[in-house]
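Dear colleague,

I am passing on a structure for you to look over, and my notes on it follow below the display. Please read them with the coordinates open.

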Amino acid sequence: MKIGLAAMGIGAGVLATLGVVLVLLPAPSASFGWFAYQRIADFGFVGGWPPVAPERIWGIVLLALALALGAFTTGWALGSARARKRERSARA
């Protein structure tokens, strides 16, 4: 049981690290493009969806998975410790 808990804790840490790295990476710049200026228009077009880079989206997803795995691992560890405590008190 303890090996499984340690493996899940390490897995959550690795996922969190990867997520932070992906979120903190600089956004990729376009290697091509064009520029146009229209004098009369009073509206500026801002194109390009999604406004967040895909790397950052994956980073956020990995952080969410790490949070869920860490919460599960913590709950499992606390629950098994409580069960062992009850088992010891029942024997006495």
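The notes below take up a pair of helices and then some of their residues.

Please bear in mind throughout that this is a predicted model. Helix α1 covers residues 2-24 and helix α2 covers residues 54-91, and their axes come within 7 Å of each other while crossing at roughly 160 degrees. Because angles over 145 degrees count as roughly antiparallel, α1 is roughly antiparallel to α2. The crossing of the two helices, α1 and α2, is left-handed, and sorting the residues in the contact of α1 with α2 by class gives 19 nonpolar, 6 polar and 2 charged.

As a check on the geometry of α1, its 23 residues should span 33 Å at 1.5 Å a residue, and the C-alpha atoms at its ends are indeed 33 Å apart, so expectation and model agree.

Within α1, the residues Leu5, Met8, Ala12 and Gly19 are buried, and the buried residues of this helix pack against α2. In an α-helix there are 3.6 residues a turn, so residues three or four places apart point the same way.

On the other side of the contact, which residues does Thr73 touch, leaving aside those up to four places away in sequence? Thr73, which has its place in helix α2, touches Leu5, Met8 and Gly9. Thr73 has a relative accessible area of 10%, and since buried means under 20%, Thr73 is counted as buried.

With best wishes

Technical notes. Residues are numbered from 1 along each chain as its sequence is written. This is a predicted model: local features need pLDDT of at least 70, side-chain atom pairs count only at pLDDT 80 or more; totals for chains, interfaces and linings use all residues. Side-chain values use heavy atoms; hydrogens and water are left out. Axes are lines fitted to C-alpha atoms, for helices over the stretch in contact, and angles run from 0 to 180 degrees between N-to-C directions. Helices (H or I, at least four residues) and strands (E, at least two) are DSSP runs, numbered from the N terminus. Angles under 35 degrees count as roughly parallel, over 145 as roughly antiparallel, 65 to 115 as roughly perpendicular and the rest as oblique. A crossing is left-handed if the near helix is turned anticlockwise from the far one by less than a right angle, and right-handed if clockwise. Ala, Val, Leu, Ile, Met, Phe, Trp, Tyr, Cys and Pro count as nonpolar, Asp, Glu, Lys and Arg as charged, and the others, Gly among them, as polar. Buried means under 20% relative accessible area, exposed over 50%, partly exposed in between (1.4 Å probe, protein chains only). Contact means heavy atoms within 4.5 Å. The expected span of a helix is 1.5 Å times one less than its number of residues.
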